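Biologist: Let us go through this model together. Keep the answers short, please.

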Amino acid sequence: MKQFIVKIVTLALFIGSSNLFAADFDWMKGLNKSATANMEGYKSKLSSRFKLAKSQVNFFMKGVRSPADVYMVLRLSEISGKFPESVLETYQQKKSKGWVKLAQYVGVKSNSQQFQALKVGHDLKGLEAKQRAFNTPKEKVKKKSKIHV
């Protein structure tokens with residue numbers, strides 16, 4: 001009976017923690033949806049954000065499963081300081097391991113502030129799927145003063 005209870009508790013903890021981790025990178029679904037709706041616009045944003053020629057963006061698009069994966073590969077490259085082609089190669093070999101492991105393979109510490117920010121959102125401007133990045137200050141809202149004359 002004691003073993004049964006231990007198994008149930010372990011299973012409950014596993015299920016609960018998997019739901020918690022499922023929220024990491026949840027923004028990628030929205031980014032994929034936005035990218036699919038306007039692929040050329042998405043490619044332009046990637047090109048501008050990562051300072052790549054459109055031909056380079058197309059190269060990366062062909063090497064991944066989804067449009068958001070291109071962003072992830074390029075962002076991991078930026079954080080790690082490795083060449084994007086090297087990160088893409090690691091992605092192609094290890095994509096089944098998940099983004100946390102992939103980041104570790106390319107030298108990004110999973111507890112770093114940059115990676116924690118990446119877990120909760122992207123920084124591509126003008127896409128509806130964008131979520132506030134971890135630890136970024138909220139925009140200051142300027143109140144208009146009303147002057148009555």
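Biologist: Which residues of helix 2 are buried?

Modeller: Note that this is a predicted model. Buried here means under 20% relative accessible area. In helix 2, that gives W27, M28, L31, N32, S34 and A35.

Biologist: Why do the buried residues of helix 2 lie on the same side?

Modeller: An α-helix has 3.6 residues a turn, so residues three or four places apart point the same way. On the other side of helix 2, K29, K33, T36 and A37 are exposed. The buried residues sit on the same side of helix 2 because the arc they cover around the axis is only 165°.

Biologist: Which helices do the buried residues of helix 2 pack against?

Modeller: Helix 8 is one of the partners. Its own buried residues are F115, A117, L118 and K119, and these pack against helix 2, helix 5 and helix 7. For the buried residues of helix 2, the full set is helix 3, helix 5, helix 7 and helix 8.

Biologist: Which helix gives the most residues to the largest nonpolar core?

Modeller: This core has 32 residues, and L46, Y71, L76 and L118 touch the most other members. Helices 2 to 8 each give two or more residues, among them helix 3 (39-50) and helix 5 (67-80). The most, 8 residues, come from helix 5.

Biologist: What is Y71 in contact with, leaving aside neighbours within four places in sequence?

Modeller: Y71 is among the core members that touch the most others. Its contacts include W27 and L31, both buried in helix 2. The full list is W27, L31, Y42, L46, F50, L118, H122, D123 and L124.

Biologist: How far from D69 is the nearest side chain of opposite charge?

Modeller: D69 lies in helix 5. D69 touches M28, V64, Y91 and W99, not counting residues up to four places away in sequence. D69 is buried but has no salt bridge. The nearest side chain of opposite charge is R65, at 4.0 Å.

Biologist: Over residues 129-149, how many contacts does the model have beyond near neighbours in sequence?

Modeller: The chain has a mean pLDDT of 79, with 68% of its residues at 70 or more. Residues 9-22 stay under 50 and have 0 contacts beyond four places in sequence. Over residues 129-149 the pLDDT is also below 50. For that stretch, the number of contacts beyond near neighbours is 23.

Note on methods. Residues are numbered from 1 along each chain as its sequence is written. This is a predicted model: local features need pLDDT of at least 70, side-chain atom pairs count only at pLDDT 80 or more; totals for chains, interfaces and linings use all residues. Side-chain values use heavy atoms; hydrogens and water are left out. A nonpolar core is a set of buried Ala, Val, Leu, Ile, Met, Phe, Trp, Tyr and Cys residues joined through side-chain atoms within 4.5 Å. Buried means under 20% relative accessible area, exposed over 50%, partly exposed in between (1.4 Å probe, protein chains only). Helices (H or I, at least four residues) and strands (E, at least two) are DSSP runs, numbered from the N terminus. Contact means heavy atoms within 4.5 Å. Lys and Arg count as positive and Asp and Glu as negative; His and the chain ends are not counted. The arc is that of the directions from the helix axis to the C-beta atoms. pLDDT is the predictor's confidence in each residue, from 0 to 100.
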